Amino acid sequence: MARNSEDIPLLVAQAGPLNGQRWPIQDTLDVGREDGCDIMIPSRQVSRVHARFRSTQEGIWLEDLNSKNGTHRNGQLIQEAVLLQDGDVIQIALAQQFVFVSSDATMPLDEEQKEAAFSQSPPLQTAYRLVLDNRSRRVWVNHEEVLPPLSLSQYSLLELLYELQGRVVERKELIENVWGEEGAVGVSEQALDALVRRLRDRLAAIDPAHSYIVTVRGHGLRLDNPVQDQ
């Protein structure tokens, strides 16, 4: 069953010949080495029609189609169809890795946003090292895209700091922005700290020499986004 056109989860390729490419999952995607597959992986390790992503009312299901070398989710060989969760890592044989980004994490995309989401370039020229495109929820650091995409909570935190660059944002405001006013009730300081730590790790994986998220003790956080090196 096809999903609403404004509710599109993504499959993002990484660690393989298709690295960086992405596909919206609106109905069914067949993966294999045959030319007729929706996602063609040019490797003899991959079966002709290896696996299938299928959209239903419940979400996106992944099933292995009796492949020779198997399909793994989060390191586990799948024996039957599995319902995917945001951030799941899918391995097709030893040839290609994908990450699944749920529709909740990607947020609804209109036609302009879809075009931006599947473009291969940053949205605009900028003097800053970190670039955020709120149309497609994509992030670049030093011209390199952050892949797999940030989770919704990670992106929401970074988006607020990015919009208020240089300003110290109080922890209460950050929590309400990420979890919503109602959801923020009961959210602990430790939960925010854990989220900040994960976001820092994602940015440091690309640019370990600079700490973009700065803690101002007793006040909150701010974004330190330096200009590009000339």
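In this predicted model, the loop between β6 (60–64) and β7 (71–73) is home to Asn66. The phi of Asn66 sits near 55°, a positive value in a residue other than glycine. That's worth a glance, because most residues other than glycine have a negative phi. Asn66 counts as exposed, with 77% relative accessibility.

Ala93 also has a positive phi, about 50°, although it is not a glycine. This residue belongs to the loop between β10 (89–92) and β11 (96–101). Ala93 is buried, since its relative accessible area is 3%, under the 20% cut-off.

Turning to the helices, α3 (residues 152–163) packs against α5 (residues 189–204) at an angle of about 85°, and the two axes lie 10 Å apart. With that angle, α3 is roughly perpendicular to α5. On the α3 side, the contact is made by Ser153, Gln154, Leu157 and Leu158, which meet Leu195, Val196, Arg198, Leu199 and Arg202 of α5. Sorted by type, the residues of this contact come out as five nonpolar, two polar and two charged.

Helix α5 has 16 residues, so at 1.5 Å a residue it should span 22 Å; the end C-alpha atoms are indeed 22 Å apart. Its buried residues are Leu192, Ala194, Leu195, Val196, Leu199, Arg202 and Leu203. The cover over them includes helices α3 and α4 (171–179), along with the strands β12 (130–133), β13 (138–141), β16 (213–216) and β17 (220–223).

As for charged pairs, the count comes to 10 salt bridges. One of them joins the side chains of Arg129 and Asp207, at 2.6 Å from N to O. This pair ties together distant parts of the chain, 78 residues apart: Arg129 is in the loop between α2 (111–117) and β12, while Asp207 is in the loop between α5 and β16. Both ends are tucked away: Arg129 is buried at 11% relative accessible area, and Asp207 is buried at 5%.

Helix α4 brings in another pair, Glu176 and Lys172, whose side chains meet in a salt bridge of 2.7 Å, N to O. These two are four residues apart in α4, so about one helical turn separates them. Glu176 counts as partly exposed at 28% relative accessibility, whereas Lys172 counts as exposed at 57%. Glu173 forms a salt bridge with Arg167 (2.9 Å, N to O). Here Glu173 is partly exposed, at 28% relative accessibility, and Arg167 is partly exposed at 42%. Finally, a network of salt bridges links Arg22, Arg138 and Glu145.

Conventions:
Residues numbered from 1 in each chain as written. Predicted model: local features only at pLDDT ≥ 70, side-chain atom pairs only at ≥ 80, totals over all residues. Heavy atoms only, no water. Axes fitted to C-alpha atoms, helices over the stretch in contact; angles between N-to-C directions. Parallel < 35°, antiparallel > 145°, perpendicular 65-115°, else oblique. Contact = heavy atoms within 4.5 Å. Nonpolar A, V, L, I, M, F, W, Y, C, P; charged D, E, K, R; others polar. Expected span 1.5 Å × (residues − 1). Buried < 20%, exposed > 50% of the residue type's maximum accessible area, 1.4 Å probe, protein only. Salt bridge = Lys/Arg side-chain N within 4 Å of Asp/Glu carboxyl O.
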